[in-house]
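Visitor: I would like a close look at a single part of this protein. Please take one helix and follow its surroundings outward.

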Amino acid sequence: GEALSGFDLIVAMSVEARRRALDLTRLYHLAVEYWPISDPSGIGETRETKLNAYRHTRDQIRAHMTSKWGTG
């Protein structure tokens, strides 16, 4: 609770995380955004397939950040 007052935005990357963030912040003036991101855990059998799944997730997060705050 008290630690949340130091933040302006919480980004939830799953439906469960969004629900929990909204519950935790209902008493604070704090923005909660939901960015639907692929969960790469458990995807693929080979090392390369797994790496590609994590790279895809990384790229999704980067795209959301660039869309929100631009390039740096």
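Guide: Here is a walk from the whole chain to one helix and the loop beside that helix. A caution comes before the details: this is a predicted model.

Start with the layout. The protein has two helices and two strands. Along the sequence they follow the pattern β-α-β-α. The radius of gyration is 15 Å, well over the 11 Å that the globule rule gives for 72 residues, so the protein is more spread out than a compact globule. Along the principal axes, the C-alpha atoms fill a box of roughly 45 × 30 × 15 Å.

Next, burial and surface. Of the 72 residues, 15% are buried. The protein exposes about 5,700 Å². Carbon and sulfur atoms supply 52% of that area. Take contacts between residues at least 6 apart in sequence: 32% of them join residues at least 24 apart. Charge is worth a glance too. There are 10 positive and 9 negative charges, and their mean positions are 2 Å apart.

Now the part itself, helix α2. Helix α2 covers residues 47–69. Is its length what a helix of 23 residues should give, or not? At 1.5 Å a residue, the expected span is 33 Å. The end C-alpha atoms are 33 Å apart, so the span agrees with the expectation.

Which residues of α2 are buried? They are Ala53, Thr57 and Gln60. Two of these names will return in the contacts of the neighbouring loop.

Take Thr57 for a closer look. Thr57 is found in helix α2. Its relative accessible area is 9%. The cut-off for buried is under 20%, so Thr57 counts as buried. What does Thr57 touch, leaving aside its neighbours within four places in sequence? The contacts are Ile37, Ser38 and Pro40.

Follow the contact to Ile37. Ile37 lies in the loop between β2 (31–34) and α2. Its relative accessibility is 15%, so Ile37 counts as buried. Not counting residues up to four places away in sequence, Ile37 touches Met13, Thr57, Gln60, Ile61 and His64. Thr57 and Gln60 in that list are also among the buried residues of α2. For a distance in space, take Ile37 and Arg58. They are 21 residues apart in sequence, and their C-alpha atoms are 9.0 Å apart.

Step to Pro36. Pro36 is found in the loop between β2 and α2. Is Pro36 buried, exposed or partly exposed? At 45% relative accessibility, Pro36 counts as partly exposed. Leaving aside neighbours within four places in sequence, Pro36 is in contact with Gln60 and His64. Both Gln60 and His64 also appear among the contacts of Ile37. Pro36 and Leu22 make another pair to check: 14 residues apart in sequence, and 16 Å apart from C-alpha to C-alpha.

Last, the far end of the helix. Just after α2, Gly70 takes a positive phi of about 80°. Thr71 lies in the segment after α2. Its relative accessibility is 71%, so Thr71 counts as exposed. Thr71 and Glu33 are 38 residues apart in sequence, with 19 Å between their C-alpha atoms.

To put the part together: buried Thr57 of α2 touches Ile37 of the loop, and Ile37 is buried too. Pro36, in that loop, is partly exposed. Beyond α2, Thr71 is exposed.

Note on methods. Residues numbered from 1 in each chain as written. Predicted model: local features only at pLDDT ≥ 70, side-chain atom pairs only at ≥ 80, totals over all residues. Heavy atoms only, no water. Helix = DSSP H or I, 4+ residues; strand = E, 2+ residues; numbered from the N terminus. Rg over C-alpha atoms; globule rule 2.2 N^0.38 Å. Buried < 20%, exposed > 50% of the residue type's maximum accessible area, 1.4 Å probe, protein only. Contact = heavy atoms within 4.5 Å. Areas by Shrake-Rupley, 256 points an atom, 1.4 Å probe, with all protein chains shown as cover. Lys, Arg positive; Asp, Glu negative; His and termini not counted. Charge placed at Lys NZ, Arg CZ, Asp CG, Glu CD. Expected span 1.5 Å × (residues − 1).
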